[in-house]
Amino acid sequence: MTYYYAFHSGSNTVDFDCSRGYGVSAKSADKLSQVNIGDFVFVIQNVHQRIGYQLCGLYRIEEITDVGSNYKYPHRVALSDVSKLAEFIPLNRHALSQELPEAGKEGRWDRFMNHFARQGRSFQKPLDESVVALLMAQLKSTHEASEDIPTPEEIEFNDRVAKALAQTQAERLERLKKAPVHPLKKQVTVWRYDRNPDVVAEVLARAGNSCESCRKTAPFKRTRDGSYYLEVHHIIPLSEKGEDSVQNAIALCPNCHRQEHFGPVRIDKNWRPDKY
């Protein structure tokens with residue numbers, strides 16, 4: 001999985017908007033030859049002098065198109081929002097300079113400026129693992145990815161599943177004949193919210209043995225202690241600044257929980273338990 005960096009410079013008068021994609025000039029178009037659909041890019045902007053540099057988020061590259069030579073940026077990179085930040089993250093340039101690796105021209109600018117303050121660096125080359133880790137840490141500091149937000153690894157895997165489903169059963173079975181039955185292991189980093197266990201416990205106690213959506217008894221009991229299995233779901237997701245509170249949580253059976261994430265939403269975000 002490859003990560004890049006792109007700069008939304010001060011020549012822009014408005015904040016970066018991923019729905020419009022990222023524009024690349026004609027003279028920089030050769031850089032896009034190394035970029036693939038499914039790669040990821042961190043976008044940093046310096047639009048507001050009062051605020052300074054901001055991390056706009058982590059985005060997945062969905063498409064690269066030419067919109068025509070009549071435009072200032074004739075090449076456009078279509079993006080989908082992975083990090084889904086509620087607001088951009090201010091970056092401490094001097095603190096990050098102490099942690100970033102060398103990037104050349106050390107005597108002219110600090111390391112942050114050398115890495116992130118030049119538009120010519122956009123899509124220049126894949127980011128070093130240490131740089132990716134630092135930017136991921138910035139996302140973690142204010143917006144840790146919860147179970148509501150897929151990680152880049154999960155997005156990539158889901159794409160592979162969709163591609164396999166689009167093929168014939170004969171094609172899948174042929175690959176399965178040659179596939180190892182014991183998958184390789186790899187280390188990945190996933191950010192999770194440090195949720196309050198008392199919230200989970202209180203919501204489960206409130207629900208008793210029944211799903212608070214479909215009202216059916218939990219589908220099974222845990223082998224560990226014989227308790228009924230329900231999952232605690234945040235009505236307003238933590239990623240949307242929802243509270244980690246009893247009032248904003250509901251106990252669901254696995255089916256109702258999956259429907260909330262992948263099917264039509266049934267639970268009203270204004271729902272509140274009568275007891276609290």
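## Arg-215 and Lys-84: positive phi outside glycine

Arg-215 counts as exposed, at 58% relative accessibility. In this predicted model, Arg-215 is placed in the loop between H6 and strand E7 (231-234). Its backbone carries a positive phi of about 70°, although the residue is not a glycine.

Lys-84 is another non-glycine residue with a positive phi, here about 50°. Lys-84 is located in the loop that runs between strand E5 (75-81) and strand E6 (89-90). With a relative accessibility of 41%, Lys-84 counts as partly exposed.

## Overall architecture

The protein contains seven helices and eight strands. Of its 276 residues, 39% are buried. The area exposed by the protein is about 16,800 Å², and carbon and sulfur atoms supply 50% of that area.

Contacts in the protein can also be described by separation along the sequence. Among those between residues at least 6 apart in sequence, 64% join residues at least 24 apart.

## Helix H6 and Asp-198

Asp-198 belongs to helix H6, which spans residues 197-207. At 57% relative accessibility, Asp-198 counts as exposed. Asp-244 stands 46 residues from Asp-198 along the chain, and the C-alpha atoms of the two residues are separated by 10.0 Å.

## Helix H4 and a nonpolar surface patch

Phe-157, Val-161 and Leu-165 make a nonpolar patch of about 300 Å² on the surface. One of these residues, Val-161, is part of helix H4, residues 152-166. Val-161 has a relative accessibility of 35% and therefore counts as partly exposed.

The spacing of the patch residues invites a general remark on helices. An α-helix has 3.6 residues a turn, so residues three or four places apart point the same way.

## The two sides of helix H7

Helix H7 covers residues 254-262, and its buried residues are Cys-256, His-257 and Glu-260. These residues lie on the same side of H7 because they cover an arc of only 100° around the axis. The cover over the buried residues of H7 includes E7 and strand E8 (249-252).

Asn-255 and Phe-262 are exposed, and they are found on the other side of H7. Helix H7 thus presents a side with buried Cys-256, His-257 and Glu-260, while Asn-255 and Phe-262 are exposed on the other.

## Cysteines and the absence of disulfides

A search of the whole structure finds zero disulfides. Cys-18 takes part in none, and the cysteine sulfur nearest to its own, that of Cys-56, is 9.7 Å away. Cys-56 is likewise in no disulfide, its nearest cysteine sulfur being that of Cys-18, at 9.7 Å. A disulfide requires a pair of cysteine sulfur atoms within 2.5 Å, so a distance of 9.7 Å between the sulfurs of Cys-18 and Cys-56 does not qualify.

The accessibility of these two cysteines can be stated as well. Cys-18 counts as buried, at 18% relative accessibility; the cut-off for this class is under 20%. Cys-56 is buried too, with a relative accessible area of 2%.

Definitions and conventions
Residues numbered from 1 in each chain as written. Predicted model: local features only at pLDDT ≥ 70, side-chain atom pairs only at ≥ 80, totals over all residues. Heavy atoms only, no water. Buried < 20%, exposed > 50% of the residue type's maximum accessible area, 1.4 Å probe, protein only. Helix = DSSP H or I, 4+ residues; strand = E, 2+ residues; numbered from the N terminus. Contact = heavy atoms within 4.5 Å. Areas by Shrake-Rupley, 256 points an atom, 1.4 Å probe, with all protein chains shown as cover. Patch = residues over 30% accessible without salt bridge, like charges linked within 9 Å, V, L, I, M, F, W, Y side chains within 5 Å. Salt bridge = Lys/Arg side-chain N within 4 Å of Asp/Glu carboxyl O. Arc of directions from axis to C-beta.
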